[in-house]
Amino acid sequence: MRCFECGGEVIQTIGSVKMTKKDGSLIIFKGIALNQCRQCGEQYVPGKWAEKIGELMQKEDTLVPREIISVPVIAISGV
Ligand SMILES: [Zn+2]
């Protein structure tokens, strides 16, 4: 499989998928078997996982996080 974005090699890996919750905060699902481009990092999440994540996002309020990480936020101005 080749990356649709850059044509790079796509490999199977275990990674994490970032989603944005309704309130704008991030939520990360990890341990997902997905395909990722070695070149640009574009992720291709298999349908069954995309579906599962979609289901979980429906009931995001009930999800219990395994861990909480802090995420750096960089503001870029003057574009
Ligand atoms: Zn790519």
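**A walk around N35 and its sheet**

Visitor: Welcome me in, please: in which strand is the place of N35?
Guide: Happy to! This is a predicted model. Look along residues 26-37, and you will find N35 in that stretch, which is strand β2.

Visitor: Is N35 buried, exposed or partly exposed?
Guide: Let's count its surroundings: 16 other C-beta atoms lie within 10 Å of N35. Buried takes 20 or more, and exposed takes 12 or fewer. The count falls in between, so N35 is partly exposed.

Visitor: Which residues does N35 touch, leaving out those up to four places away in sequence?
Guide: For this one, set aside the residues up to four places away along the sequence. The contacts of N35 are then M1, V10, I11, Q12 and Y44.

Visitor: How are the strands ordered in the sheet?
Guide: The sheet is open and its pairing is antiparallel. β1 (10-20) and β3 (43-44) are edge strands, each pairing on one side only. Between β2 and β3 there are 2 bridges. Read across, the order is β1-β2-β3.

Visitor: Which residue in β3 does Q36 stand opposite?
Guide: β2 and β3 run antiparallel. Across from Q36, in β3, stands Q43.

Visitor: How far apart are the end C-alpha atoms of helix α1, and why does that agree with its 12 residues?
Guide: Helix α1 covers residues 47-58, and its count of buried residues is 0. At 1.5 Å a residue, its 12 residues should span 16 Å, because the expected span uses one less than the number of residues. That agrees with the separation of its end C-alpha atoms, 17 Å.

Technical notes. Residues numbered from 1 in each chain as written. Predicted model: local features only at pLDDT ≥ 70, side-chain atom pairs only at ≥ 80, totals over all residues. Helix = DSSP H or I, 4+ residues; strand = E, 2+ residues; numbered from the N terminus. Contact = placed C-beta atoms within 7 Å. Pairing = 2+ DSSP bridges.
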